[in-house]
Amino acid sequence: MVTLINHDKLEIDGKVFQTSEPGEDSSRNILIHDGVVYKIGCDDPDLSQDAEWLIWGVLSEQDKKYFAPVLEHGKNWVAMVYVEFTDSFDLPEREAMEIYDKIIAPLAKKYGIIDLDYGKNWGLRQDGTPVIYDYGIVEWQYKKLYLNCLR
Ligand SMILES: Nc1ncnc2c1ncn2[C@@H]1O[C@H](COP(=O)(O)OP(=O)(O)OP(=O)(O)O)[C@@H](O)[C@H]1O
Ligand SMILES: [Mg+2]
């Protein structure tokens with residue numbers, strides 16, 4: 001049972017855990033616990049943590065292997081399976097660009113994910129399968145935010 005206490009504290013099965021603060025690598029607060037990555041967003045309904053949950057639910061069976069599985073989500077948080085990978089920005093640039101062009105970019109287009117590039121938000125599993133671990137920003141969300149800014 002997971003309960004969000006505030007933006008940087010989660011209660012998991014009766015125990016309270018402190019998340020990391022958002023830093024250079026992350027704009028969300030992150031907690032890695034027991035094989036699960038918990039990501040807490042800011043308290044902005046337009047930036048709710050629904051995108052990964054919704055996308056995970058509509059992925060085709062053959063595309064699922066390219067995404068870190070979502071386990072649960074609540075208001076402003078999402079829980080995903082902890083995946084071992086080499087981050088794309090640690091790969092040789094040429095290799096990262098090739099994988100990006102062949103696999104990641106088509107998936108981003110197919111599902112409307114906009115915060116992916118050849119060195120961001122995906123990695124390579126030990127068996128060589130690319131894995132997108134951050135698919136939390138999607139076109140419809142961005143458009144909503146953009147329109148809000150124009151108001
Ligand atoms: N499923 C996962 N398995 C293992 N590590 C993960 C997973 N998801 C995220 N991480 C680690 O946590 C970091 C932050 O995750 P993520 O990119 O989802 O956060 P974010 O706040 O949305 O980032 P940003 O907004 O800066 O792109 C990643 O750089 C990665 O190292
Ligand atoms: Mg990210």
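How many bridges pair strand 9 with strand 10, and in which sense? Strand 9, residues 122-125, and strand 10 are joined by three bridges in the antiparallel sense. The model described here is predicted.

## Overall make-up

The chain holds three helices and 10 strands. Read from the N terminus, the order of elements is β-β-β-β-β-α-β-β-β-α-β-β-α.

The chain has 151 residues, of which 26% count as buried. Taking contacts between residues at least 6 apart in sequence, 53% join residues at least 24 apart.

## The sheet of strands 8, 9 and 10

Three strands make up an open sheet with the order 8-9-10, and their pairing is antiparallel. Its edges are strand 8 (85-87) and strand 10 (130-132), each of which pairs on one side only. Neighbouring strands in this sheet are turned against each other by 35 degrees on average, with direction ignored.

Within the pairing of strand 9 and strand 10, Gly 123 has Val 131 of strand 10 as its bridge partner. Helix 2, residues 93-111, lies across strand 9 and strand 10 and runs at about 35 degrees to strand 10.

The loop between helix 2 and strand 9 contains Asn 121. This residue is not a glycine, yet Asn 121 has a positive phi of about 75 degrees. Asn 121 has 19 other C-beta atoms within 10 Å and therefore counts as partly exposed, since a buried residue needs 20 or more.

## Strands 1 to 3

At the start of the chain, strand 1 (residues 2-6) runs antiparallel to strand 2 (residues 9-12), and four bridges join them. The two strands form a hairpin with two residues between them. Asn 6 has Lys 9 of strand 2 as its bridge partner.

Strand 2 also pairs with strand 3 (residues 15-18), again antiparallel and over four bridges. Here the bridge partner of Lys 9 is Gln 18 in strand 3. Lys 9 thus has a bridge partner in the pairing with strand 1 and another in strand 3.

The hairpin of strand 2 and strand 3 has two residues between the strands. Asp 13 lies in this loop and has a positive phi of about 45 degrees, although it is not a glycine. Is Asp 13 buried or exposed? Asp 13 counts as exposed because it has 8 C-beta neighbours inside 10 Å, and the limit for an exposed residue is 12 or fewer.

## Strands 4, 5 and 7

Strand 4 (residues 29-33) and strand 5 run antiparallel and are joined by five bridges. Ile 30 stands opposite Lys 39 of strand 5. The hairpin of these strands has two residues between them, and Asp 34 takes a positive phi near 55 degrees there.

Strand 5 is likewise joined to strand 7 by five bridges, and these two strands run antiparallel. In this pairing Val 37 stands opposite Met 80 of strand 7.

## Ala 79

Which residues does Ala 79 touch, leaving aside those up to four places away in sequence? They are Val 2, Val 36, Tyr 38, Leu 71, Glu 72 and His 73. Ala 79 itself is in strand 7. Among the residues Ala 79 touches, Val 2 falls in strand 1 (residues 2-6), while Val 36 and Tyr 38 fall in strand 5 (36-40).

Ala 79 is buried because 23 other C-beta atoms lie within 10 Å, where 20 or more are required. Glu 52 is 27 residues away from Ala 79 along the chain, and the C-alpha atoms of the two are separated by 9.6 Å.

## The shell around ligand 1

Ligand 1 is surrounded by 17 residues, and the closest are Ser 26, Ser 27, Arg 28, Ala 68 and Asp 134. By class, eight residues of the shell are nonpolar, four are polar and five are charged.

Which strands each supply at least two residues of this shell? They are strand 5 (36-40) and strand 7 (77-81). These are the two strands that five bridges join in an antiparallel arrangement, and strand 7 is also the place of Ala 79.

Terms used. Residues are numbered from 1 along each chain as its sequence is written. Chains are lettered from A and ligands numbered from 1 in the order in which they are written. This is a predicted model: local features need pLDDT of at least 70, side-chain atom pairs count only at pLDDT 80 or more; totals for chains, interfaces and linings use all residues. A residue is near a molecule or strand if its C-beta atom, placed from the backbone, lies within 6 Å of it. Ala, Val, Leu, Ile, Met, Phe, Trp, Tyr, Cys and Pro count as nonpolar, Asp, Glu, Lys and Arg as charged, and the others, Gly among them, as polar. Two strands pair if DSSP finds at least two bridges between them. Axes are lines fitted to C-alpha atoms, for helices over the stretch in contact, and angles run from 0 to 180 degrees between N-to-C directions. Two residues are in contact if their C-beta atoms, placed from the backbone, lie within 7 Å.
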